[in-house]
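User: Please take a close look at one residue of this model and explain where it sits and what surrounds it. Please then follow its surroundings outward, for a reader who has not met this structure before.

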Amino acid sequence: MKIKRIKIQEMAIISLMAAVLCVIGPATIPVGVVPVTLITVALYLIVYMIGMWKATISCLIYICIGLVGLPVFSGYSAGPAVLLGPTGGYLIGYLLLTVSSGFFIERFAKRGMHLLGMLLGLVLCYFLGTIWLALYADISLWQAILTGVAPFIIFDLIKIAVALLLGPPFRRHLKKANVL
């Protein structure tokens with residue numbers, strides 16, 4: 001099996017996007033146990049800008065930075081307690097979100113397919129996060145949906161709309177500038 005070598009420019013872009021996530025991640029709008037953040041819209045846009053795998057690596061770096069104790073998660077939280085706490089499943093779900101949305105964005109030209117990929121990624125993130133929340137908090141799956149999903153659906157649909165509006169032009173400009 002041949003391992004692809006990553007270029008210095010690609011490492012810099014991945015690192016830069018991880019830094020963007022670290023800056024955006026702490027900003028929250030408190031709504032119950034799981035706050036509203038801008039991280040998902042940032043992830044969607046990063047996928048448009050640098051592609052599925054690079055965005056997923058950026059997201060993984062962001063999660064690792066928070067895991068080791070730098071306050072990059074919502075509300076400037078950090079550490080293993082956050083990753084293993086009630087919102088940990090949503091944080092891990094971000095990786096599924098980047099892979100799903102990235103797959104559709106990279107393979108299909110139509111925005112309708114991009115929307116489908118983003119919605120699928122969001123559902124996967126919700127699924128993992130909700131099960132995690134239910135197990136962590138020892139509540140029913142229905143209670144976890146009411147706590148960890150229902151209050152955020154409208155916000156997340158708005159984030160997807162913003163990403164669908166801004167993502168394609170970002171991608172076009174980066175391709176034109178020979179960054180992608």
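Analyst:
**Val-82 and its surroundings**

Val-82 counts as buried, because its relative accessibility is 16% and the limit for a buried residue is under 20%. The structure is a predicted model, and what follows describes that model.

Val-82 belongs to helix 4, which runs over residues 80-83. Leaving aside neighbours within four places in sequence, Val-82 is in contact with Phe-73, Ser-77, Thr-87, Gly-88 and Leu-91. The C-alpha atoms of Val-82 and Gly-66 are 8.5 Å apart, although 16 residues separate the two along the sequence.

Before helix 4 comes the loop that joins it to helix 3, and Tyr-76 lies in this loop. Is Tyr-76 buried or exposed? Tyr-76 has a relative accessibility of 61% and therefore counts as exposed, whereas Val-82 counts as buried. The backbone of Tyr-76 also deserves attention. Most residues other than glycine have a negative phi. Tyr-76, which is not a glycine, has a positive phi of about 60°.

The contacts of Val-82 with Gly-88 and Leu-91 lead into helix 5, which comprises residues 88-107. Helix 5 has 20 residues, and its first and last C-alpha atoms are 30 Å apart, close to the expected 28 Å. Of these 20 residues, 14 are buried, so helix 5 is largely enclosed by the rest of the structure.

Leu-91 also offers a route to helix 3, through Cys-59. The C-alpha atoms of Cys-59 and Leu-91 are separated by 9.3 Å, and the two residues are 32 apart along the chain. Cys-59 lies in helix 3 and counts as buried, because its relative accessibility is 1%. Beyond four places in sequence, Cys-59 touches Leu-21, Leu-43, Tyr-94, Leu-95 and Thr-98.

One of these partners, Leu-21, is among the buried residues of helix 1. The others in that group are Glu-10, Ile-13, Ile-14, Met-17, Ala-18 and Cys-22. Helix 2 (39-50) and helix 3 are among the elements that cover the buried residues of helix 1. The 17 residues of helix 1 should span 24 Å, and this agrees with the 24 Å between its end C-alpha atoms.

Helices 1 and 3 also take part in the largest pocket. Rolling a probe the size of a water molecule over the atoms shows where empty space is left. The largest pocket holds about 200 Å³ of space. Helix 1 (8-24) and helix 3 (52-67) each supply at least two lining residues, and helix 3 gives the largest share, four residues. Including Glu-10 and Ile-14, the lining also has Ile-50, Trp-53 and Glu-106 among its members. By type, the lining comprises six nonpolar residues, one polar residue and five charged residues.

For comparison with Val-82, another buried residue may be considered. Ala-144 is found in helix 7 and has a relative accessibility of 0%, so it counts as buried. Apart from residues up to four places away in sequence, Ala-144 touches Tyr-90, Thr-130, Leu-133, Ala-134, Ile-139 and Val-149. Tyr-90 falls within the residue range of helix 5. The C-alpha atoms of Ala-144 and Val-162 are 27 Å apart, with their positions 18 residues apart in sequence.

Asp-138 stands in the loop between helix 6 (111-137) and helix 7 (141-148). Asp-138 has a positive phi of about 55° although it is not a glycine. With a relative accessibility of 71%, Asp-138 counts as exposed.

These parts can now be placed in the whole. The protein contains eight helices and two strands, and their order along the sequence is α-β-β-α-α-α-α-α-α-α. Its radius of gyration is 16 Å, close to the 16 Å given by the globule rule for 180 residues, so the protein is as compact as a globular protein of that length. The C-alpha trace spans about 50 × 35 × 35 Å along its principal axes. Of the 180 residues, 43% count as buried, and Val-82 is one of the buried residues. Among contacts between residues at least 6 apart in sequence, 68% join residues at least 24 apart.

Notes. Residues are numbered from 1 along each chain as its sequence is written. This is a predicted model: local features need pLDDT of at least 70, side-chain atom pairs count only at pLDDT 80 or more; totals for chains, interfaces and linings use all residues. Side-chain values use heavy atoms; hydrogens and water are left out. On a 1 Å grid over the protein atoms alone, a cavity is a set of points where a 1.4 Å probe fits but cannot get out, and a pocket is an open set with protein on both sides within 12 Å along at least five of seven lines; lining residues have an atom within 4 Å of a point. Grid points are joined across faces, edges and corners, and a volume is the space filled by probe spheres set on the points. Ala, Val, Leu, Ile, Met, Phe, Trp, Tyr, Cys and Pro count as nonpolar, Asp, Glu, Lys and Arg as charged, and the others, Gly among them, as polar. Buried means under 20% relative accessible area, exposed over 50%, partly exposed in between (1.4 Å probe, protein chains only). Contact means heavy atoms within 4.5 Å. The expected span of a helix is 1.5 Å times one less than its number of residues. The radius of gyration is taken over C-alpha atoms; the globule rule is 2.2 Å times the number of residues to the power 0.38.
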